[in-house]
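Student: I would like to take a close look at a single part of this model. Please go through it carefully and in one connected account.

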Amino acid sequence: MTEWTLHPDRALPADPTTRPVAREIYETTQDLPIVSMHGHVDVAAFADDTPFPDPAQLFVVPDHYLTRMLVSQGTPLPALGVGPSGTPGLETDPRAIWRRFCSGWKHFRGTPTRYWLEHELVEIFGVTQRPSAETADAIYDQIAARLAEPGFRPRALLDQFRIETIATTDPAWSDLAQHRALAAQLGSLADSTAGAVTRTGGASADGGGGGDVASGAVPTGSTVATLPAPRVVPTFRPDPLLHLDQPAWRTDIDRLAAAADTQIGDYAAYLAALRERRRAFVAAGGSATDHGHLSADTTPLPDDVAADVFARALAGAGVTAAEAAAFSGHMLFQMAAMSCEDGLTMQLHPGVLRNHDPERLAMFGPDKGYDIPVVTEYTNALRPVLEAFGHAENFRLIAFTVDEDAFSRELAPLAGVYPALRLGAPWWFLDEPDAMRRFREAATGTAGFSNLSGFVDDTRAFCSIPARHDLARRIDAGYLARLVVEHRLDLDEAVDTASDLAYRLPKQAYPTPADAPAGV
Amino acid sequence: MTEWTLHPDRALPADPTTRPVAREIYETTQDLPIVSMHGHVDVAAFADDTPFPDPAQLFVVPDHYLTRMLVSQGTPLPALGVGPSGTPGLETDPRAIWRRFCSGWKHFRGTPTRYWLEHELVEIFGVTQRPSAETADAIYDQIAARLAEPGFRPRALLDQFRIETIATTDPAWSDLAQHRALAAQLGSLADSTAGAVTRTGGASADGGGGGDVASGAVPTGSTVATLPAPRVVPTFRPDPLLHLDQPAWRTDIDRLAAAADTQIGDYAAYLAALRERRRAFVAAGGSATDHGHLSADTTPLPDDVAADVFARALAGAGVTAAEAAAFSGHMLFQMAAMSCEDGLTMQLHPGVLRNHDPERLAMFGPDKGYDIPVVTEYTNALRPVLEAFGHAENFRLIAFTVDEDAFSRELAPLAGVYPALRLGAPWWFLDEPDAMRRFREAATGTAGFSNLSGFVDDTRAFCSIPARHDLARRIDAGYLARLVVEHRLDLDEAVDTASDLAYRLPKQAYPTPADAPAGV
Amino acid sequence: MTEWTLHPDRALPADPTTRPVAREIYETTQDLPIVSMHGHVDVAAFADDTPFPDPAQLFVVPDHYLTRMLVSQGTPLPALGVGPSGTPGLETDPRAIWRRFCSGWKHFRGTPTRYWLEHELVEIFGVTQRPSAETADAIYDQIAARLAEPGFRPRALLDQFRIETIATTDPAWSDLAQHRALAAQLGSLADSTAGAVTRTGGASADGGGGGDVASGAVPTGSTVATLPAPRVVPTFRPDPLLHLDQPAWRTDIDRLAAAADTQIGDYAAYLAALRERRRAFVAAGGSATDHGHLSADTTPLPDDVAADVFARALAGAGVTAAEAAAFSGHMLFQMAAMSCEDGLTMQLHPGVLRNHDPERLAMFGPDKGYDIPVVTEYTNALRPVLEAFGHAENFRLIAFTVDEDAFSRELAPLAGVYPALRLGAPWWFLDEPDAMRRFREAATGTAGFSNLSGFVDDTRAFCSIPARHDLARRIDAGYLARLVVEHRLDLDEAVDTASDLAYRLPKQAYPTPADAPAGV
């Protein structure tokens with residue numbers, strides 16, 4: 001084994017004609033700031049800014065991409081430190097967890113987890129040897145030492161990672177106090193931080209429907225400067241409130257009522273409370289909502305039917321599974337209607353059957369790797385919302401999928417005509433090099449580039465954010481380079497498009513709502 | 001910006017080992033005549049042979065591939081000249097429309113529209129600069145000047161494009177007068193035209209089921225000579241008559257009755273009228289029917305049930321949506337049965353939900369970019385027709401899809417065993433370079449090449465026909481070259497197959513029915 | 001035409017940077033023994049060890065991949081010697097059949113049949129000219145002469161092909177006498193055969209769930225030695241007994257009863273007989289069961305419902321199609337439960353609509369090329385079995401698919417978390433070079449390599465086995481080489497993974513059940 005390093009041409013195309021063109025394109029985007037408009041990093045990490053505890057807690061325990069692979073090879077979740085206190089076999093020694101992970105390194109071959117982790121370990125933590133049973137302890141010590149340094153605390157990494165904006169995902173009832181405090185602090189923090197990146201004002205000028213993406217300025221190395229707030233922004237996620245059949249629904253409605261400082265006695269009050277909370281998110285700098293539904297259905301119910309179903313659910317009376325499903329589709333339509341009012345970009349993440357194994361849900365809770373995609377239909381499902389709001393000036397809907405068959409068949413054809421719709425980046429099981437390439441190949445012919453959201457990382461693994469954005473830029477450079485080499489695009493166009501995908505399009509897809517307070 | 005030119009290697013594989021082989025294969029097909037056996041160019045263009053009015057009317061207004069992309073970026077259809085007279089905001093200045101298109105050139109990056117238009121503008125009209133807001137007027141003037149020349153009238157372009165045969169698509173009630181007149185005129189025209197291409201007689205010899213494609217002669221540069229009629233042939237499209245729930249159905253039945261010179265008082269008379277009109281299409285040189293249905297279902301109803309549903313529809317009595325859908329499937333079965341009688345090749349284009357946005361349909365009419373694919377099932381849907389006629393000597397069914405998932409799973413396995421079935425070329429949203437490649441990669445392993453229709457352009461954009469055929473030949477050359485370089489095919493076989501795909505297979509898939517009058 | 005030879009780089013990537021790396025990886029697997037853990041070669045071939053009759057019977061008549069292609073081009077099955085005695089037009093001259101096949105050689109271009117046959121004809125039989133009408137007789141004579149030699153009898157080919165283990169597929173009621181006799185004979189045969197390959201003991205040590213694939217030893221050229229029994233092992237296939245609506249079901253139940261030496265008067269006795277037969281397969285060296293169902297559904301019924309449906313079927317009383325379908329899903333669940341008891345690996349091959357053309361079924365019987373895939377759902381369908389047994393120590397389920405859309409959407413996400421589930425190799429219509437590549441590209445990101453079965457040939461064409469394994473090793477080398485060239489994997493890892501896929505993973509996926517008698 002020679003020293004573990006990152007090759008400068010990694011993830012660029014193998015073809016020797018295409019690779020140098022890809023490198024040339026990539027070099028124009030590799031230093032762009034990161035705009036991370038959807039993800040699941042906890043705001044508390046930045047609000048508290050306490051050091052990450054240890055390598056196992058940073059890399060292994062919370063990352064279900066990683067733990068599910070080891071589970072599939074026979075390692076129980078508790079042996080990886082996953083499970084509530086008191087779980088039989090729950091490993092509490094972070095070093096033991098780390099060793100198990102390093103011993104299973106082989107199983108990650110060919111996966112994006114391997115690719116991202118290699119990037120993170122080498123680039124951020126300076127690791128120079130491949131993980132294995134033999135190297136586990138030395139790597140652990142090296143990372144642990146770094147985590148104790150001030151430069152490796154969350155806010156410092158925000159700068160080191162060149163993150164211009166990062167969105168968290170927050171329950172609809174969040175009081176957003178940490179976001180508000182943070183916005184104030186980060187404003188001053190940015191001024192005193194040498195490496196801080198700029199949030200350019202260019203993008204807001206073309207935030208409306210139909211703007212030309214070319215008009216957004218892209219910061220270059222020399223123009224990067226201090227960062228105006230907001231830098232960490234919330235995202236409104238009302239899922240538990242829209243699914244009447246969730247066990248905690250009644251409790252969550254009470255949380256919503258409390259957060260909106262109101263009583264929710266009927267359907268009208270429920271809508272009013274949601275509308276009120278959306279306003280609070282806009283005021284805290286939020287630019288989007290997020291919706292995880294099993295189906296993409298957006299069919300509205302008649303108001304009286306919706307009100308009746310809601311009333312029965314509130315009273316604890318019977319609501320059938322079909323009624324609950326219909327109500328959640330109805331509420332997606334309502335969310336779209338509210339987005340037309342308040343300007344929050346609507347993100348739809350459908351098609352995942354959550355908690356496939358109920359026993360593991362009971363033992364370990366949600367988000368433990370047991371979420372499995374299903375066939376997802378969009379053409380009929382999105383029709384009600386697109387008929388109603390697909391040409392609305394102030395509406396932006398970003399559709400994601402884990403069913404890649406929908407890209408060429410449904411999503412690109414829809415995004416290629418409705419101004420309100422943009423295609424999200426390849427999501428979750430599709431966020432790896434080959435799937436990202438397939439997305440470009442399947443969607444571009446019909447949707448072009450201008451109807452895309454640009455790259456969205458959607459991760460809860462904070463340290464993987466630079467790796468993910470860097471990988472996306474490499475894959476895009478490779479795809480664009482092929483178009484150039486096949487004489488389907490000129491080089492200057494490819495270079496311009498690369499910056500669109502990496503930087504301008506995400507800013508344009510998630511514009512700051514017009515009535516958000518300046519400077520927030 | 002250097003001068004805008006077409007690179008001779010465009011759309012050939014990037015790989016430096018494969019490209020020269022691809023070039024060698026492409027050079028053997030690039031000059032073959034064009035056999036365009038399915039499309040939507042209006043016969044009137046050739047019958048009248050009047051000059052195209054202006055660049056906007058030629059390239060922008062009628063091309064929904066193009067207008068839908070600009071709509072998706074916020075330009076309303078009326079601003080592009082689309083809409084009935086009196087539409088608010090309807091642009092009537094062709095130069096203004098052209099400018100809007102040129103200003104939006106960026107949005108076409110990576111799309112086939114961009115590729116085809118570049119080919120057309122450079123190759124046919126000699127444009128030497130990339131479209132943009134700045135160059136729009138100069139390009140407009142250049143094209144407009146050309147359109148005024150005699151060599152740019154439709155019939156002259158027919159020769160310039162080396163189109164041996166072109167099929168239009170015509171309502172079942174068309175009187176076909178323009179086709180008849182044209183056939184007579186083109187016969188003499190061809191004799192007096194230096195560039196006219198030959199319609200070789202070789203293909204008709206192997207028109208029956210199961211012929212060896214190798215037996216069809218391919219014209220070479222030196223053998224191209226004068227063209228026997230027919231050159232512009234009609235295609236029988238009965239769709240509106242088969243969908244009982246279309247608003248105009250009752251009126252269209254009257255049109256059918258008038259065209260067939262009969263009364264349609266019951267289901268038997270309806271079938272007889274359809275049969276009569278098919279005969280008229282055969283007599284006018286037609287070789288095919290065309291069927292656009294939401295589903296590929298071909299399940300026959302019992303005759304009395306079909307007769308009863310038809311009678312109720314005719315009487316304006318209630319027909320449910322389910323009955324109408326079942327009747328349309330039943331009628332596909334009847335059309336197949338009639339094809340066994342009269343030898344018209346049956347083309348099936350299923351799986352597109354037409355007019356997704358009803359408001360735009362009301363404002364602008366059909367075919368405006370709001371047609372969106374849906375999941376399409378073939379294995380069960382085609383079973384009734386294939387059970388009944390899949391081995392019939394005189395039956396040929398060509399199945400198209402916009403759901404590419406069906407290629408490897410259903411269509412190639414079906415075409416790989418039933419003699420009557422051939423796979424149509426990648427259709428509509430799939431007619432771009434990467435999707436054409438995916439089609440080859442998904443279908444060839446199971447269906448081979450001999451079970452394909454060869455290239456079918458299916459366009460209403462007349463000037464794009466040479467670009468589309470040229471692109472298909474390049475993609476096929478690239479795919480075949482890879483097989484050669486991977487030692488999966490010998491070069492002589494690849495060269496032979498390239499001519500099959502470009503020329504012999506379309507002629508064989510759409511043979512002239514045996515009872516068509518000679519010389520028509 | 002120059003001499004027909006196999007290029008050493010065939011099926012390796014075209015890209016000149018990747019090819020030498022692929023060659024380097026391939027060279028490490030090309031000589032590994034063949035582990036053929038699922039297929040349809042008849043045990044009688046080895047038990048009788050009679051010479052293959054003639055080239056037509058060896059290559060054409062029984063191979064539905066081959067005959068279906070010629071059928072699709074208009075050659076009736078009887079003209080290829082397929083059909084029961086007395087079939088009109090049944091060809092009985094093997095030379096005439098062979099000529100028809102050679103004359104249609106063109107139609108196989110681009111198919112795996114062409115690739116395998118080229119390998120077989122050149123490598124095994126020394127053919128040096130391409131098949132055609134002109135060369136048919138000479139090739140026939142050459143092959144026929146070879147078939148008369150002792151070295152071309154089935155058992156000798158077993159050695160020549162370096163087959164370490166081959167699994168047959170046997171009805172649940174098989175008496176397995178031929179397998180038992182063969183095991184005894186092959187034990188001594190192996191000792192006296194110079195070229196025999198070794199069955200290493202390393203694999204059984206890591207047969208349990210979650211073992212590290214790296215622990216299995218791989219024989220190298222120098223370690224290949226004599227072969228301990230068993231070498232030809234049976235596979236338990238109970239399909240006809242699980243589908244209550246099959247015409248022969250009642251008869252087959254009697255066969256099951258006879259084989260299990262019991263009476264089957266109710267559902268409990270039926271389960272007991274199945275369990276007993278599984279024990280007999282284990283005792284005869286079997287390591288797996290095989291299940292071909294239209295759907296992957298595994299939903300268990302309440303025991304009393306299952307018992308009632310079974311009782312009605314047994315009595316010849318009415319069982320609806322829905323009840324029969326539900327019962328077959330229920331029985332998959334029961335088979336999984338029994339696998340947990342007896343350690344037989346469960347293979348699931350769903351999603352094929354058998355006998356699409358009932359008339360051909362009546363004329364020629366099953367397995368004649370009229371089996372067509374349908375959309376196949378796994379996420380919900382496999383949920384009952386995975387909830388119940390997905391983490392069971394002793395359970396191994398291998399899921400195959402002919403619906404490649406399921407790879408990235410459902411199968412890789414499921415296999416990437418449930419320890420019991422492994423993904424089978426690309427199956428049937430997907431076992432060709434480009435589909436095998438797509439499988440790697442679609443599944444690896446989420447499932448990695450360790451959750452795969454490794455290569456499974458699943459063929460009834462005995463002579464194609466070396467060609468199929470060799471092709472799979474080439475495609476895997478090409479895929480792995482790309483990962484190396486793209487710096488996503490190190491070369492030593494790629495080399496190690498190549499041996500996993502070719503050799504270690506199949507042995508691990510089909511471990512010998514713990515209670516199988518030693519030396520059997």
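In chain A, what is the order of the strands in the open sheet of six strands, and which kind of pairing does the sheet have?

Tutor: Bearing in mind that this is a predicted model, the open sheet in chain A has its six strands in the order β3-β5-β6-β7-β10-β11, and the pairing is parallel. At the edges stand β3 (170-171) and β11 (421-423) of chain A, and because each of them has a single partner strand, one side of each is left without a neighbour in the sheet. For β11(A), the connection to strand β10 (residues 397-399) of chain A consists of three bridges, and these two strands run parallel; within that pairing, A:Ala399 has A:Leu423 of β11(A) as its bridge partner. Turning from the edge to what packs on the sheet, helix α14 (residues 321-342) of chain A lies across β5 (235-237), β6 (288-291) and β7 (345-348) of chain A, and the direction of the helix makes an angle of about 155° with β7(A). Put together, the picture is of a parallel sheet in the order given above, with β3 and β11 of chain A at its edges and with α14 of chain A lying across β5, β6 and β7.

Technical notes. Residues are numbered from 1 along each chain as its sequence is written. Chains are lettered from A and ligands numbered from 1 in the order in which they are written. This is a predicted model: local features need pLDDT of at least 70, side-chain atom pairs count only at pLDDT 80 or more; totals for chains, interfaces and linings use all residues. Side-chain values use heavy atoms; hydrogens and water are left out. Two strands pair if DSSP finds at least two bridges between them. Helices (H or I, at least four residues) and strands (E, at least two) are DSSP runs, numbered from the N terminus. Contact means heavy atoms within 4.5 Å. Axes are lines fitted to C-alpha atoms, for helices over the stretch in contact, and angles run from 0 to 180 degrees between N-to-C directions.
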